[in-house]
Amino acid sequence: MSICIVTGASGLIGAESVRHFARLGLTVVGIDNDMRRYFFGDGASTAWSRRQLEQEVPGYVHHGIDIRDEAGIGALFAEYGSDIGLIIHCASQPSHDWAAREPMTDFSVNATGTLVLLEATRKHCPDAVFVFTSTNKVYGDTPNRLPLVELERRYEVAEDHPYHAHGIDESMSIDQSKHSLFGASKVAADVLVQEYGRYFGMKTAVFRGGCLTGPGHSGAELHGFLSYLMQCAMTGNHYTVYGYRGKQVRDNIHCHDLVTCFEHVWRAPRVGEVYNIGGSRHANCSMLEAIEMCERITGRTMNWSYNETNRAGDHIWWISDVRKFQAHYPGWRYEYDLEQTLVQIHDELVRRARTA
Ligand SMILES: NC(=O)c1ccc[n+]([C@@H]2O[C@H](COP(=O)([O-])OP(=O)(O)OC[C@H]3O[C@@H](n4cnc5c(N)ncnc54)[C@H](O)[C@@H]3O)[C@@H](O)[C@H]2O)c1
């Protein structure tokens with residue numbers, strides 16, 4: 001079982017996964033059709049990342065198949081069969097704003113595409129570990145109903161609330177809230193992945209991510225918040241902050257730290273698990289705090305303005321409680337804090353600009 005299949009292989013999490021599992025000695029087969037370019041325009045294309053992987057990762061094989069293409073995915077899984085030991089499913093339409101433009105496309109990529117992959121796994125390699133990158137948007141806007149306190153630079157949950165110390169855990173309901181169409185299509189996928197574990201006994205794991213970030217993001221206004229913010233800080237391009245006076249809080253996990261979670265699951269898989277994952281109390285910031293950090297790192301004043309209207313379904317305060325994952329996998333640790341992550345994003349953007 002030496003084959004690892006990564007979908008969304010040229011994207012932020014996919015590419016990190018390709019490199020990581022290739023270094024561990026697996027033969028990695030990537031699937032990515034650069035649909036990110038269709039979603040967000042030429043500037044968000046991940047073609048550069050595909051080229052890098054093909055040049056740098058020994059034995060890497062790339063397929064530009066659409067994950068919705070049942071015949072194409074079926075043929076690929078049939079080719080490798082039970083040699084497939086790990087599937088990391090990262091391909092998606094990842095923006096809640098974009099989803100409202102083309103709900104059918106969003107649902108077909110996020111929900112149907114996931115089902116196509118689960119079925120291919122069940123048919124050709126049912127013993128493989130299946131890791132899915134879900135999102136904290138499956139909780140919809142329920143977190144906005146928490147008792148939140150407005151501080152000078154950020155929102156916080158009230159100090160006497162059980163979520164204050166460690167963040168939001170997996171017991172929060174995903175039902176009866178406003179998710180955005182993206183959140184809804186991810187709920188469908190998230191529940192399907194759980195079900196292939198619980199119903200069929202497959203080794204599936206769902207990671208409900210906060211903000212996933214790192215130098216490999218092809219940041220766009222609608223997705224890849226820290227990467228896009230840093231791009232604007234460096235170029236002087238204008239950035240718009242939507243709603244909540246810029247005090248909305250997100251937690252941010254470096255893609256390397258997320259991919260090491262995948263490694264722990266692969267080495268000691270469980271069945272049908274769900275984990276909240278993100279920067280937790282270890283790495284989080286409000287929009288205002290993120291702008292300050294980018295200004296400090298670049299030494300430039302950012303060109304930004306404020307729009308009163310918040311993004312539909314946006315969280316006012318999100319911090320992931322990652323203790324369930326830590327309890328199941330006590331060997332896992334964060335390696336990056338927010339400052340290190342932002343500096344890396346900055347340095348990579350400088351490098352890309354030089355070689356463009
Ligand atoms: N980045 C975040 O902040 C964040 C937060 C929570 C959850 N997630 C989830 O994590 C996963 C990975 O996110 P990311 O930031 O690496 O995204 P990304 O957009 O950088 O990468 C996704 C890749 O999937 C590819 N893709 C899209 N549709 C496809 C299709 N139909 N067939 C084949 N390939 C397709 C895209 O071209 C892109 O390269 C996604 O499922 C996303 O919803 C991301």
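# A tour from the ligand outward

Start with Met 35 and the ligand together: in this predicted model, a polar backbone atom of Met 35 sits 3.0 Å from an oxygen atom of the ligand. Keep the ligand in view and add the side chain of Asp 66, where a polar atom lies 3.0 Å from a nitrogen atom of the ligand. Next add Thr 133, whose side chain places a polar atom 3.2 Å from an oxygen atom of the ligand. If you now show the surface of the protein, you can see how far the ligand is covered: on its own it has 820 Å² of accessible area, and the protein covers 97% of this.

Now widen the selection to the whole shell around the ligand, which holds 30 residues, with Ile 13, Asp 32, Arg 36, Lys 186 and Gly 210 coming nearest. Colouring this shell by class gives 12 nonpolar, 13 polar and 5 charged residues. To see which parts of the fold supply the shell, select helix H1 (12-23), helix H2 (35-40), strand E5 (129-135) and strand E9 (211-213), the elements that each give two or more residues to it.

From the shell, follow strand E5 to its neighbour, strand E8. The two strands run parallel and are joined by 7 bridges, and one pair to pick out is Val 129 with its bridge partner Lys 203 in E8. Is strand E8 enclosed or open to the outside? Select residues 203-209 and you will find that 6 of the 7 residues of this strand are buried, so the rest of the structure largely encloses it. Strand E8 also pairs with strand E12 (residues 273-277), again in the parallel sense, over 5 bridges; here, select Phe 207 and look for its bridge partner in E12, Tyr 275.

For the last stop, return to strand E9, one of the elements that contribute to the ligand shell, and select it along with E11 and E13. These form an open sheet of 3 strands in the order E9-E11-E13, with mixed pairing. The edge strands are E9 and strand E13 (284-286), each of which pairs on one side only. Viewed across the sheet, neighbouring strands are turned against each other by 35° on average, with direction ignored. Finally, zoom in on strand E11 (residues 249-254) and E13, which run antiparallel and are joined by 3 bridges, and select Arg 250, which stands opposite Cys 285 in E13.

Key: Residues are numbered from 1 along each chain as its sequence is written. This is a predicted model: local features need pLDDT of at least 70, side-chain atom pairs count only at pLDDT 80 or more; totals for chains, interfaces and linings use all residues. Side-chain values use heavy atoms; hydrogens and water are left out. A residue is near a molecule or strand if one of its heavy atoms lies within 4 Å of it. A polar contact is a pair of N or O atoms within 3.5 Å; within protein, one must be able to donate a hydrogen and the other to accept it, and residues adjacent in sequence count only if both atoms are side-chain atoms. Accessible areas come from the Shrake-Rupley method with a 1.4 Å probe; for residues, only the protein chains shown count as cover. Helices (H or I, at least four residues) and strands (E, at least two) are DSSP runs, numbered from the N terminus. Ala, Val, Leu, Ile, Met, Phe, Trp, Tyr, Cys and Pro count as nonpolar, Asp, Glu, Lys and Arg as charged, and the others, Gly among them, as polar. Buried means under 20% relative accessible area, exposed over 50%, partly exposed in between (1.4 Å probe, protein chains only). Two strands pair if DSSP finds at least two bridges between them. Axes are lines fitted to C-alpha atoms, for helices over the stretch in contact, and angles run from 0 to 180 degrees between N-to-C directions.
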